[in-house]
Amino acid sequence: MATVAAPSVSQQQSSSGKPKDKKTQEEIYAEFQQLRNQQRNLINNLNTLEMDLKEHKTVIDTLKTVESGRKCFRLIGGVLCEQTVEVVLPQLVTNKDQLEKLIENGKEQITKKGIEINQFKDEYNIKIRGQEATPAAASEKDTSDDKSAASGNRNVLVGNL
C-alpha cells in the first residue's frame with residue numbers, strides 16, 4: 001500500500017504565502033494519481049495525433065504521384081465521398097499542417113503537466129519506489145538490488161512519515 005507524508009507547516013503555504021487547506025494522505029494520493037492520469041491521457045492523445053499525421057503524409061505522398069483529375073474517395077465523418085485528387089490534396093495538406101500544430105501544442109501540454117507533477121511531488125515530499133531521487137540513492141540502490149528485485153514493489157507511491 002502506498003503512503004504519502006502529510007505536509008509540514010512550511011509545505012502548507014503556497015508561493016503567495018497564503019496557507020493551504022490541510023489535505024489528508026488519501027486526498028494527496030488521489031490528486032497525484034489524477035495528475036498522472038491526466039498526463040497519460042495527454043500522451044495517448046498525442047500518440048493518436050502522430051499516427052493520424054503519419055497517415056496523412058502517406059496519403060499526400062501517394063496522391064502527389066497521380067494525375068490531378070483522377071477520382072478518389074475520402075471518408076468524412078463516416079460518409080465516403082467521391083472527389084478528385086485536385087480537390088482532396090489541398091484539404092489533406094491543410095489538415096496535415098493543423099495536425100502538426102496540435103502535436104506541438106500537445107508536447108507543450110505534456111511538458112507543463114510533467115512540471116506540475118514534479119512540483120506536486122516536491123511540495124508533498126512524494127517518492128515513487130523504483131525511481132532514483134539523487135545520485136546518492138543510486139549507490140544505495142546497488143546494495144539493495146537483490147532485495148528490490150525479490151520484493152517486486154516497483155512504482156509504488158511512498159512518503160516519509
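**Close-up 1. Phe-32, Phe-120 and Tyr-124 make up one aromatic cluster in this predicted model**. Two aromatic pairs are counted in the structure. In one of them, the rings of Phe-32 and Phe-120 are stacked, with 6.2 Å centre to centre and 15° between the planes. Phe-32 belongs to helix 1 (residues 25–64) and Phe-120 to helix 2 (residues 85–123), so this pair ties together parts that lie 88 residues apart in sequence. Phe-120 also pairs with Tyr-124; here the rings are tilted, at 4.8 Å centre to centre and 50° between the planes.

**Close-up 2. The side chains of the aromatic cluster are buried**. Phe-32 has a relative accessible area of 0%. For Phe-120 the value is 6%, and for Tyr-124 it is 3%. Each of these values counts as buried because the cut-off is under 20% relative accessible area.

**Close-up 3. Helix 1 carries a set of buried residues that includes Phe-32**. The buried positions in helix 1 are Ile-28, Phe-32, Leu-35, Leu-46, Leu-53, His-56, Ile-60 and Leu-63. An α-helix has 3.6 residues a turn, so residues three or four places apart point the same way. Helix 1 has 40 residues, which at 1.5 Å a residue should span 58 Å. The C-alpha atoms at the ends of helix 1 are 58 Å apart, in agreement with that expected span.

**Close-up 4. Helix 2 agrees with its expected span and is followed by Asn-125**. With 39 residues at 1.5 Å a residue, helix 2 should span 57 Å. Its end C-alpha atoms are 56 Å apart, which agrees. Asn-125, which follows helix 2, has a positive phi, near 55°. Phe-120, the partner of Phe-32 in the stacked pair, lies within helix 2.

**Close-up 5. Phe-73, Leu-75 and Leu-80 make a nonpolar patch on the surface**. The area of this patch is about 360 Å². Phe-73 is located in strand 1, which covers residues 71–76. The relative accessible area of Phe-73 is 53%, and Phe-73 is classed as exposed because this class takes values over 50%. Phe-32, by contrast, is buried at 0%.

Technical notes: Residues are numbered from 1 along each chain as its sequence is written. This is a predicted model: local features need pLDDT of at least 70, side-chain atom pairs count only at pLDDT 80 or more; totals for chains, interfaces and linings use all residues. Side-chain values use heavy atoms; hydrogens and water are left out. Patches are made of residues with over 30% relative accessible area and no salt bridge: like charges are joined within 9 Å, nonpolar side chains (Val, Leu, Ile, Met, Phe, Trp, Tyr) within 5 Å. Accessible areas come from the Shrake-Rupley method with a 1.4 Å probe; for residues, only the protein chains shown count as cover. A salt bridge is a side-chain nitrogen of Lys or Arg within 4 Å of a carboxyl oxygen of Asp or Glu. Helices (H or I, at least four residues) and strands (E, at least two) are DSSP runs, numbered from the N terminus. Buried means under 20% relative accessible area, exposed over 50%, partly exposed in between (1.4 Å probe, protein chains only). Rings of Phe, Tyr and Trp (its six-membered ring) pair if their centres lie within 6.5 Å; planes under 30 degrees apart count as stacked, over 60 as edge-to-face and the rest as tilted. The expected span of a helix is 1.5 Å times one less than its number of residues.
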